[in-house]
Amino acid sequence: MDPAFFEKEVQSSEIDAILEELNLESTVVNNGSEGDEELNKLESSYEAKRLKLRKELNDAMKKLEQNSKAASERIYAVLRSQMRVRPIDEQDFQRAADAIRRRHESAQFEIKQYVANCLLVHRRNIEQARKKRKNFDKDTTSILQAYFDKHLDHPYPSEEHKQMLAQQCGITVQQVNNWFGNQRIRRRKQIEDSRLQHEQNSEMYCQDGSNLEQLIQPSGIIEMPLEDGSQQKLFIIHPQPNQIYYQAFDGDMYMPGPSNSEIHQIYGANEDFQQ
DNA sequence: GCCCATGATTCACG
DNA sequence: CGTGAATCATGGGC
């Protein structure tokens, strides 16, 4: 598991919601003997950690309570003793009480934040184990797709870019790796399958009559949305490192695809990462 | 319930 | 170590 995934601090607004889980009787959802060993073990270990954290939180709060009480008693004693040498009014007591209350509250917050953080980490583990696989949501895939399509000539994001993508998508770097790995292979396969299909209806020539075999291997394939809602496959051709053009396949003939600028109107709108 | 897309896992390679 | 390739396992649409 990617540690960075857990590193972000718990938002203060979430803390109480997270801590509520500590008050539950039990979080074990497994209804008895069913389920796999691995999950049961995880669940009981999570339950143990949860109970431990609950006790820790309780103890810390009690201790803090006592400390604050003792502190305010000390302050009051000091103030009372000073009354003999200087005038001390109700406001002085009030200020002292406020100061102690503020310290008390900030300490309380820190404890809660710490416990909530611990709990969250453990909860993520158990959640991960419970639901085995979940498809990424639409936003996530479109972000990844956009990056991939923009770097078709070299769809290998750097470590930095992987982290940015992960953060942007709300997934782990490992998941970004998986996605790009799968994507590279499956796109290549897609291209290969398309070529094979085309080769099957043997006589295929470009507009100028030249044979397919002379064509440069496409380095990528994208699906361009058409006005009628359907999608058209476009092959990406890199004749030279800095050159790019697109080829569409229409019936049994390769046609020049849309120009690069047209493509960019469709795909290029989203901001790019700096290379 | 089937089927394919898709995320994850595993292993080999350089 | 990062990647490619094969494979597994699940999700989700029909």
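Helices here are DSSP runs of H or I at least four residues long, numbered from the N terminus. With that in hand, let's walk through this predicted model, beginning where the protein meets DNA strand B.

Helix 7, spanning residues 173–200, supplies the largest share of the surface near DNA strand B, with 5 residues. The full set around DNA strand B is Arg-133, Lys-134, Asn-135, Phe-136, Thr-141, Gln-175, Asn-178, Trp-179, Asn-182 and Arg-186. Of the atoms of DNA strand B that come within 4 Å of the protein, 46% belong to sugar and phosphate. Sorted by class, this surface holds 5 polar, 3 charged and 2 nonpolar residues.

You can follow some of the phosphate contacts one by one. Gln-175 places a polar side-chain atom 2.7 Å from a phosphate oxygen of DNA strand B. For Asn-178, an N or O atom of the side chain is 3.4 Å from a phosphate oxygen of that strand, and for Trp-179 the polar side-chain atom lies 3.5 Å from one.

Now turn to DNA strand C. Its surroundings include Lys-132, Tyr-156, Lys-162, Arg-184, Ile-185 and Arg-188. Sugar and phosphate make up 82% of the atoms of DNA strand C that come within 4 Å of the protein. Helix 7 again gives the most to the surface, here with 4 residues. The classes near DNA strand C are 7 charged, 2 nonpolar and 1 polar.

Charged side chains also appear in the phosphate contacts of DNA strand C. An N or O atom in the side chain of Arg-184 is 2.5 Å from a phosphate oxygen of DNA strand C. Lys-134 has a polar side-chain atom 3.0 Å from a phosphate oxygen of this strand, and the corresponding distance for Lys-162 is 3.1 Å.

Methods. Residues numbered from 1 in each chain as written. Chains lettered and ligands numbered in written order. Predicted model: local features only at pLDDT ≥ 70, side-chain atom pairs only at ≥ 80, totals over all residues. Heavy atoms only, no water. Near = heavy atom within 4 Å. Polar contact = N/O pair within 3.5 Å; in protein donor to acceptor, adjacent residues only side chain to side chain. Helix = DSSP H or I, 4+ residues; strand = E, 2+ residues; numbered from the N terminus.
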